[in-house]
Amino acid sequence: MADNRKPIEKDFITNKVLMVFTLCLFGIFGLIFLYRLISHGNTYGVGHTVVQVVLWIGVALLLAGVGKTIREHQQHADVQYSIWRGRNISIVAAVVVVCMLVIQRFGPTSIKLFYIILPALAIYYLIYHSYLREFFIISLDCGVAAVLLSFARRALNSANYQYAAYACAAVALVIALAQFYVLRKVQNGKQVEGIVDGRRTQLFASAHAYQMMYVSALLLVLFVALGAIAGAQVAYYLLFAVFGYLFITAVYYTVKMM
């Protein structure tokens, strides 16, 4: 898929992915610094002020990004290969605002959650632009399975919330059924092209892609359901099974792109 792109598009995607990982790196460093401020009593006030300032800067950037997007649309500006387009500014600002609001509401312990979320977003962004669409769906299934298994494991280890593990299995089932429905509808409708990132492109490489996505949806349900039924210890080992499956499919699709 990548070989069919124009050189200017390849350079743009490379620069955009590099920018995302750079922002993610600086974001994590900033969160580490902020955590040190908020988690100590003598610097808590300073940390709280920093959160407020960054929050309002994020809101201002969000409004500026939305305004820029509207102007670009009204002027029919060609921003297809522009990194600093209004939409990109709005997305970055929205992430900053959400992070600050969560930290403001739940305190310094929530910062550690973003140590995982921000790199995960960057990795998914890389997968979205570098791999076939079906692997992006598969990686999403694996990510959802890992999150649900983690929640189920915590619920099973608790005394009062063990029922939440079965709720995680139910959520996995709903997501898998929705994925089956959408894929079947797309497959039966022979809809092999769609608008992705503002351009018409082939959604999936072949009929084999649907089989892989059906399998990943089925594994999503099996992993989470088995973890909820078999207990916290099994759920822990199933996390490794999820990442093992993701690694195998990553190798497969990497080789396939060569």
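# Helices, rings and a salt bridge

Biologist: Let's start with helix H4 (residues 111-130) and helix H5 (residues 133-157): are they roughly parallel or roughly antiparallel to each other?
Modeller: The axes of H4 and H5 come within 8 Å and cross at roughly 155°. Keep in mind that this is a predicted model. The crossing is right-handed. An angle over 145 degrees counts as roughly antiparallel, so the word for H4 and H5 is roughly antiparallel.

Biologist: And what about H3 and H4, how are they arranged relative to each other?
Modeller: Helix H3 covers residues 86-106, and its axis comes within 10 Å of that of H4. The two axes cross at roughly 155°, and the crossing is right-handed. That angle is over the 145-degree cut-off, so H3 and H4 are also described as roughly antiparallel.

Biologist: Zooming out, what pattern does the protein follow along its sequence?
Modeller: There are eight helices and two strands in the protein. Of its 258 residues, 35% count as buried. Write α for a helix and β for a strand, and reading along the sequence gives α-α-α-α-α-α-β-β-α-α.

Biologist: Now for side chains: which residue meets Glu 72 in a salt bridge?
Modeller: The structure holds one salt bridge. Its nitrogen and oxygen are 2.7 Å apart. Glu 72 sits in helix H2 (residues 44-74), and its partner is four residues away in that helix, so about one helical turn separates them. The partner of Glu 72 is Lys 68.

Biologist: Which of those two, Glu 72 or Lys 68, counts as buried?
Modeller: Buried means under 20% relative accessible area. Lys 68 has 27%, so Lys 68 is partly exposed. At 10%, the residue that counts as buried is Glu 72.

Biologist: How many aromatic pairs are there, and how do Tyr 128 and Phe 136 meet?
Modeller: The count of aromatic pairs comes to nine. One of them is Tyr 128 with Phe 136, with ring centres 5.3 Å apart and 70° between the planes. Planes over 60 degrees apart count as edge-to-face, so the pair is edge-to-face.

Biologist: Is Tyr 128 buried or partly exposed?
Modeller: Tyr 128 has a relative accessibility of 23%. Since buried needs a value under 20%, Tyr 128 counts as partly exposed.

Biologist: Which kind of pair do the rings of Tyr 252 and Tyr 253 make?
Modeller: Their ring centres are 5.0 Å apart. The planes sit at 80°, so this pair is edge-to-face.

Biologist: Which of those two tyrosines, Tyr 252 or Tyr 253, is buried?
Modeller: Tyr 252 has 36% relative accessibility, so it counts as partly exposed. Both belong to one aromatic cluster, along with Tyr 131 and Phe 135. With a relative accessible area of 0%, the buried residue is Tyr 253.

Biologist: Which residue lies over the face of Tyr 128?
Modeller: We have already met Tyr 128 as the ring partner of Phe 136. The residue over its face is an arginine, 4.9 Å from the ring centre. That residue is Arg 133.

Biologist: And how far is Arg 105 from the ring centre of Phe 106?
Modeller: Arg 105 lies over the face of that ring. The distance to the ring centre is 5.1 Å.

Biologist: Where is His 76, and what is its phi near?
Modeller: His 76 lies in the loop between H2 and H3. With a relative accessible area of 70%, His 76 is exposed. Most residues other than glycine have a negative phi. His 76 has a positive one, near 55°.

Biologist: How far apart in space are Val 171 and Val 144, C-alpha to C-alpha?
Modeller: Val 171 is found in helix H6 (residues 163-188), and is partly exposed at 39%. Along the sequence, Val 171 and Val 144 are 27 residues apart. In space their separation is 9.8 Å.

Biologist: What separation do the C-alpha atoms of Tyr 236 and Arg 154 have?
Modeller: Tyr 236 is in helix H8 (residues 232-257), and is partly exposed with a relative accessible area of 32%. Tyr 236 and Arg 154 are 82 residues apart along the chain. Their C-alpha atoms are separated by 9.9 Å.

Terms used: Residues numbered from 1 in each chain as written. Heavy atoms only, no water. Phe/Tyr/Trp six-rings, centres within 6.5 Å; stacked < 30°, edge-to-face > 60°. Buried < 20%, exposed > 50% of the residue type's maximum accessible area, 1.4 Å probe, protein only. Lys NZ or Arg CZ within 6 Å of the ring centre and 35° of its normal. Salt bridge = Lys/Arg side-chain N within 4 Å of Asp/Glu carboxyl O. Axes fitted to C-alpha atoms, helices over the stretch in contact; angles between N-to-C directions. Parallel < 35°, antiparallel > 145°, perpendicular 65-115°, else oblique. Left-handed = near helix turned anticlockwise from the far one by under 90°.
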